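Subject: A structure for you to look at

Hi,

Here is the structure I promised to pass on. Please open it alongside this email, and I will walk you through what turned up.

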Amino acid sequence: MNLTDQQLIALLRDDARMSVTELASRMKVSRATVQKRMEALEQGGVITGYTVKVKPGVEPNRIRAWMNVTVEGTKALAIVQQLRSDPAVYTLHSTNGKWDLLVELRSDSLENFDRTLGRIRRIEGIYNTETSILLSTHKA
């Protein structure tokens with residue numbers, strides 16, 4: 001990725017619906033350059049999709065939590081595969097230190113959240129978990 005690609009990605013992260021014309025104007029390059037770079041980034045697998053960011057608090061019944069997971073031995077890959085298929089798993093990160101995985105969970109009710117925790121804790125190879133419900137989010 002070159003500087004143009006990095007600038008394009010930064011602008012798209014801020015507003016993925018920005019028109020090619022507006023992107024070109026802000027980047028001070030031609031529309032053709034923006035289109036060519038977007039196509040290259042998409043085909044190269046750098047850009048895998050476009051999404052909507054929802055303001056925190058807009059979904060009042062949405063429960064969000066972070067789950068730290070310790071994995072037994074070399075079972076991390078199998079556990080990651082199972083977690084990726086779980087509809088309550090929003091993001092999944094491998095980490096170093098005390099915990100092996102950091103999982104962001106989302107649920108629409110405490111009852112469903114409780115079922116999600118039980119389902120994840122029963123995955124073979126998970127040694128220990130610690131979960132914290134997110135109460136509020138503050139912009140950095």
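Isoleucine 133 is partly exposed, because its relative accessibility is 42% and that class lies between the buried cut-off of under 20% and the exposed one of over 50%. Please keep in mind that this is a predicted model. You will find isoleucine 133 in strand 4, which covers residues 126-133. On the surface, Ile133 joins Leu110 and Leu135 in a nonpolar patch. Together these three residues have about 360 Å² of accessible area.

Now to the helices, beginning with helix 2. Its buried residues are Val20, Leu23, Ala24 and Met27. Looking down the axis of helix 2, you would see these buried residues within an arc of 100°, so they line one face of the helix. There is a general reason for such a pattern: an α-helix has 3.6 residues a turn, so residues three or four places apart point the same way. And what do the buried residues of helix 2 pack against? Their partners are helix 1 and helix 3.

The loop between helix 2 and helix 3 holds lysine 28, a residue worth a look. Coming just after helix 2, lysine 28 has a positive phi of about 60°, and it does so as a residue other than glycine. Is lysine 28 buried or exposed? Lysine 28 is exposed, because its relative accessible area is 73% and anything over 50% counts as exposed.

Next along is helix 3, residues 31-43. With 13 residues at 1.5 Å a residue, helix 3 should span 18 Å, and the C-alpha atoms at its ends are indeed 18 Å apart, so the two values agree. Buried in helix 3 are Val34, Met38 and Leu41. These residues cover an arc of only 65° around the axis, which means that they sit on the same side of helix 3. Turn to the other side of helix 3 and you will find Lys36 and Gln43 exposed. As for packing, the buried residues of helix 3 lie against helix 1 (3-14) and helix 2 (20-27).

One last stop: just after helix 3 comes glycine 45, with a positive phi of about 80°. So a positive phi follows helix 3 at glycine 45, just as one follows helix 2 at lysine 28.

Happy exploring, and do write back with any questions.

Best wishes

Methods
Residues are numbered from 1 along each chain as its sequence is written. This is a predicted model: local features need pLDDT of at least 70, side-chain atom pairs count only at pLDDT 80 or more; totals for chains, interfaces and linings use all residues. Side-chain values use heavy atoms; hydrogens and water are left out. Patches are made of residues with over 30% relative accessible area and no salt bridge: like charges are joined within 9 Å, nonpolar side chains (Val, Leu, Ile, Met, Phe, Trp, Tyr) within 5 Å. Accessible areas come from the Shrake-Rupley method with a 1.4 Å probe; for residues, only the protein chains shown count as cover. A salt bridge is a side-chain nitrogen of Lys or Arg within 4 Å of a carboxyl oxygen of Asp or Glu. Helices (H or I, at least four residues) and strands (E, at least two) are DSSP runs, numbered from the N terminus. Buried means under 20% relative accessible area, exposed over 50%, partly exposed in between (1.4 Å probe, protein chains only). The expected span of a helix is 1.5 Å times one less than its number of residues. The arc is that of the directions from the helix axis to the C-beta atoms. Contact means heavy atoms within 4.5 Å.
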